[in-house]
Amino acid sequence: MKGLSSGGGDVFKSTTLIKFLAFTLLAIAFFYFGKHWSDGSQQQQLIFFNSRQNPTTSQFVSISPNFNKTFDLSSIINDTNLIPPPAVEVASSPPPPPPPPPVVERTGIVNENGVMNDEFKVGDFDPEVVENWGVGNETVDDEGGGVQRFKVKKFGLCPASMREYIPCLDNVEAIRKLKSTERGEKFERHCPEKGKGLNCLVPPPRGYRAPIPWPRSRDEVWFSNVPHARLAEDKGGQNWITIDKDKFKFPGGGTQFIHGANQYLDQIEKMLPEIAFGRHVRVALDIGCGVASFGAYLLSRNVLTLSIAPKDVHENQIQFALERGVPAMVAAIATHRLLYPSQAFELIHCSRCRINWTRDDGILLLEVNRLLRAGGYFVWAAQPVYKHEAVLEGQWEEMVNLTTRLCWNLVKKEGYIAIWQKPLNNSCYLSREEGTQPPLCDQHDDPDNVWYVDLKACIARLPEEGYGANITTWPSRLQYPPDRLKSIQVDSFVSRKELFEAESKFWKEIIESYVRAWHWKKFKLRNVMDMRAGYGGFAAALIENQLDCWVLNVVPVSGQNTLPVIFDRGLLGVMHDWCEPFDTYPRTYDLLHANSLFSIEQKRCNMSTIMLEMDRILRPGGRVYIRDSVAVMDELQDIGKAMGWHVTLRDTSEGPHASYKILTCDKHLLRA
């Protein structure tokens, strides 16, 4: 060992080591050039290197048999069944570079851990930074294949004057052509002609802010979101609404209840305990609602109140109601039936609503009678009830005479409030003296037919079977199949009942999954619309999952009329044709839900028409959930992107190969 150690330095100086190192360097160089010329060119290979050898065998380097030869690899790649052509001499020009790799498209945002995540907040959207912000659509050819596909250009902003635009109620040209306006015709629907509808994005007012969440919004909203002070100026002394710095405040008063809605509701319930707010009375209608404080305070008593008013001199009252988070629609009783079914409401309320109920043989009160459930109540708070002046006393006598002929029973009159009750059946109508006006409607008249149907000066008959009167109390009525299921045009009652129960179970499971996976309880949901509601199962599931919101269930005219069932469940609904605009102000809903709507309505109207209307009524920061056929999803995605929405296509619980998908959309804030 000692000798070896002492001679170690001489060994490393020997020529043997130098030769060994030189051979190693030469081998490495040979190895490098061989791999370079093998992998770098598809046409010229001097060295053959096989890096895919069996791991049990050693790698080797050799002269390529393809030296100085070239092959037409494109034909081999495109058609593997063809025999490669014979080799030809190498061209003198250098080979073209290989094509770039395909771009990998991904959706989502990478978080701080490098993981793809689709849970993120969408910021403000500024159209000024978007290039080619135009209007319209075009058809283009797919690159290389000659296949045509539909491309939607980005929609532009509407003028600032359209910030509160309601297409069917602001059609000045159509209103100007009306033959008469003395019955309030100008406050009804007059939609733009085909091709003249909305084709731009309605902008918000300057300074628009995310709405104050419920329940704070019941009492205050941002001034900048509804910047109209006229109502506060006109009604300042009646405790409706006041302006406090950058907010509107709602003290809860009204023209006939300036001391507050709660005190007013207590008075009504003391006058007639049978009303039993929240149990016997679940669904109410407030006509001429003002800023909807009557309905706002009934919500805490488990009563859903639909507040309606025309777009008249106090045109923003419904806009205030919806900004507060209270169910409301722009509507007027004039010459057409309201868009709700017969026997929809357990209580109808009118406080100084400026309606002459006895005009034209009582045709307006006959519409109230159609809407009022058998055994339901009409509450009237107005000057003729309590003021002892000749003109007002005459109006009271006319009202008593008309309600008596309608078989209504004046059950209570106290102070400035009078309450009537509608009969439970037709027996009183049939026992009236012959020739008594108004008559019963024809037996073939359908009281649930409401789309552009004229008012009728006759009494809507009640079903002989007692349908509509035999409902259970709240909350059990939410899941109890009502008798009026039998009015739906399906093969048998058994199948109707099974469909009702199946729909309720389906949406209960779906909403539970949304709450778990997409954290719906964290969303600031208040005003919700189900655009194709069926039997109302979606709305019922939201209630059962204790989401603090209300739902307007829309039943399209193109399908079965399920509205009576929806109201019998204790929910709100309306009839509508989605080929026309909806009667509400812009920016009034937090969530729009559409189940199989587009695949059905695409046969009748343009999908972009419906999507633009959705954008108009959706609040900035609001969400859209579209559950529909795969066949329509590509176009819906293109339209959504053209409107500036953030869109995401998701699989249903059936998996990626199901025929249905879910398109979730978030609306950005458009700056005017």
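## A word on terms

In what follows, Ala, Val, Leu, Ile, Met, Phe, Trp, Tyr, Cys and Pro count as nonpolar, Asp, Glu, Lys and Arg as charged, and the others, Gly among them, as polar. With that grouping, the lining of the second largest cavity splits into 6 nonpolar residues, 4 charged ones and no polar ones.

## The chain as a whole

Please keep in mind that this is a predicted model. The chain has 672 residues, and 48% of them count as buried. Its secondary structure consists of 19 helices and 23 strands. Looking at contacts between residues at least 6 apart in sequence, 65% join residues at least 24 apart.

Turning to the surface, the chain exposes about 34,200 Å², with carbon and sulfur atoms supplying 52% of that area.

## Enclosed spaces

How many cavities of 30 Å³ or more does the chain hold? The count comes to 7. The largest has a volume of about 240 Å³, and 17 residues line it. Those that lie nearest its centre are Arg189, Ala332, Arg337, Leu339 and Asp583. By type, this lining comprises 12 nonpolar residues, 1 polar residue and 4 charged residues.

The second largest cavity contains about 70 Å³ of space. Here the lining is made up of Arg337, Ile363, Leu366, Glu367, Arg370, Cys441, Leu455, Lys456, Cys458 and Ala460. You will have met Arg337 already: this residue is among those nearest the centre of the largest cavity, and it also lines the second largest. The charged members of the second lining are Arg337, Glu367, Arg370 and Lys456.

## Helix α7 and its neighbours

Helix α7 covers residues 261-271, and its buried residues are Ala261, Tyr264, Leu265, Ile268 and Met271. Viewed down the axis of α7, these buried residues fall within an arc of 125°, so they line one face of the helix.

What do the buried residues of α7 pack against? One partner is a helix, α8 (293-298). The others are strands: β13 (345-351), β14 (372-381), β15 (409-414) and β16 (417-421).

## Leu430, out in the open

Is Leu430 buried or exposed? Its relative accessible area is 58%, and exposed means over 50%, so Leu430 counts as exposed. This leucine belongs to helix α13, which spans residues 427-430. Leu440 is 10 residues away from Leu430 in sequence, and the two are 8.5 Å apart in space, C-alpha to C-alpha.

Technical notes: Residues are numbered from 1 along each chain as its sequence is written. This is a predicted model: local features need pLDDT of at least 70, side-chain atom pairs count only at pLDDT 80 or more; totals for chains, interfaces and linings use all residues. Side-chain values use heavy atoms; hydrogens and water are left out. Helices (H or I, at least four residues) and strands (E, at least two) are DSSP runs, numbered from the N terminus. Buried means under 20% relative accessible area, exposed over 50%, partly exposed in between (1.4 Å probe, protein chains only). Contact means heavy atoms within 4.5 Å. Accessible areas come from the Shrake-Rupley method with a 1.4 Å probe; for residues, only the protein chains shown count as cover. On a 1 Å grid over the protein atoms alone, a cavity is a set of points where a 1.4 Å probe fits but cannot get out, and a pocket is an open set with protein on both sides within 12 Å along at least five of seven lines; lining residues have an atom within 4 Å of a point. Grid points are joined across faces, edges and corners, and a volume is the space filled by probe spheres set on the points. The arc is that of the directions from the helix axis to the C-beta atoms.
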